[in-house]
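Q: I'm new to this structure and would like a close look at a single part of it. Could you start from one residue and work outwards, so that I can follow along in the 3D view?

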Amino acid sequence: MHYHEDECVYILEGEADAIIGNETHKVKAGDFIGYRAGGEPHNLRNTGTEVLKCIVVGQRLDHDVADYTNLDKRIYR
């Protein structure tokens, strides 16, 4: 979860579970996911038999703080 940056993902190939907070959503090629700054923790888990290919786009500001809740880690930039 990023505190200052919006982020989005476009799935090119494959299938995955998009985990957003406590919810899990099935995603596949052609799906788009938008994550707002300060929103729920999120990640993608490949559930298919092929490589999951996606484009991840974010603001990449000079300053951001992000929590990786599953790893119990925080990054500062």
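A: Let's start with Asp 17 and then move out through its strand, the sheets and a few other spots. Keep in mind that this is a predicted model, so everything here is read from predicted coordinates.

Asp 17 lies in strand β2, which covers residues 15-20. Is Asp 17 buried or exposed? Its relative accessible area is 8%, and because buried means under 20%, Asp 17 counts as buried. Its side chain has a polar partner there: it makes a polar contact with the side chain of Lys 26, at 3.1 Å. Setting aside the residues within four places in sequence, Asp 17 touches Thr 24, His 25 and Lys 26, and also Asn 43, Leu 44, Arg 45 and Thr 47.

Where do those contacts belong? Look at the sheet around β2. Three strands make an open sheet in the order β3-β2-β5, and the pairing is antiparallel. At the edges stand β3 (23-28) and β5, each with a single partner strand, so one side of each has no neighbour in the sheet. Neighbouring strands here are turned by 25 degrees against each other on average, ignoring direction. In general, strands of a sheet pair through backbone hydrogen bonds, which can run in parallel or antiparallel fashion.

Now take the two pairings of β2 in turn. With β5 (residues 42-46), β2 pairs in the antiparallel sense over five bridges, and Asp 17 stands opposite Arg 45 there. With β3, the antiparallel pairing has six bridges. Ala 16 faces Val 27 across that pairing, while Ile 20 stands opposite Glu 23. The hairpin of β2 and β3 has two residues between the strands, and Gly 21 takes a positive phi near 60 degrees in it.

What else does β2 do? In a regular strand, side chains alternate between the two faces of the sheet. Strand β2 also feeds the largest nonpolar core, a set of eight residues: Val 9, Ile 11, Ala 16, Ala 18, Val 27, Ile 33, Tyr 35 and Leu 52. The elements that give two or more residues to this core are β1 (7-13), β2 and β4 (32-35).

Two of those elements, β1 and β4, belong to another open sheet of three strands, with the order β4-β1-β6 and antiparallel pairing. Its edge strands are β4 and β6 (53-58), and each of them pairs on one side only. On average, neighbouring strands of this sheet are turned by 15 degrees against each other, again with direction ignored. Between β1 and β4 there are four bridges in the antiparallel sense, and Cys 8 stands opposite Gly 34 in this pairing.

One core residue that leads us back towards β5 is Tyr 35. Leaving out its neighbours within four places in sequence, Tyr 35 is in contact with Asp 6, Glu 7, Val 9, Ile 20 and His 42. His 42 is in β5, and its side chain makes a polar contact with the side chain of Glu 7 at 2.9 Å. A polar atom of the His 42 side chain also lies 3.1 Å from the backbone oxygen of Glu 40.

Just before that strand comes Gly 39, in the loop between β4 and β5. Despite being in a loop, Gly 39 is buried, with a relative accessible area of 11%. Compared with our starting point, the C-alpha atoms of Gly 39 and Asp 17 are separated by 18 Å, and the two residues are 22 apart along the chain.

Last, a word on Cys 8. How many disulfides are there? The count is zero. The reason is distance: the sulfur of Cys 8 has its closest cysteine sulfur in Cys 54, 11 Å away, which is too far for a bond because a disulfide needs the two within 2.5 Å. As for Cys 54, it counts as partly exposed, at 31% relative accessibility.

Key:
Residues are numbered from 1 along each chain as its sequence is written. This is a predicted model: local features need pLDDT of at least 70, side-chain atom pairs count only at pLDDT 80 or more; totals for chains, interfaces and linings use all residues. Side-chain values use heavy atoms; hydrogens and water are left out. Buried means under 20% relative accessible area, exposed over 50%, partly exposed in between (1.4 Å probe, protein chains only). A polar contact is a pair of N or O atoms within 3.5 Å; within protein, one must be able to donate a hydrogen and the other to accept it, and residues adjacent in sequence count only if both atoms are side-chain atoms. Contact means heavy atoms within 4.5 Å. A nonpolar core is a set of buried Ala, Val, Leu, Ile, Met, Phe, Trp, Tyr and Cys residues joined through side-chain atoms within 4.5 Å. Two strands pair if DSSP finds at least two bridges between them. Axes are lines fitted to C-alpha atoms, for helices over the stretch in contact, and angles run from 0 to 180 degrees between N-to-C directions.
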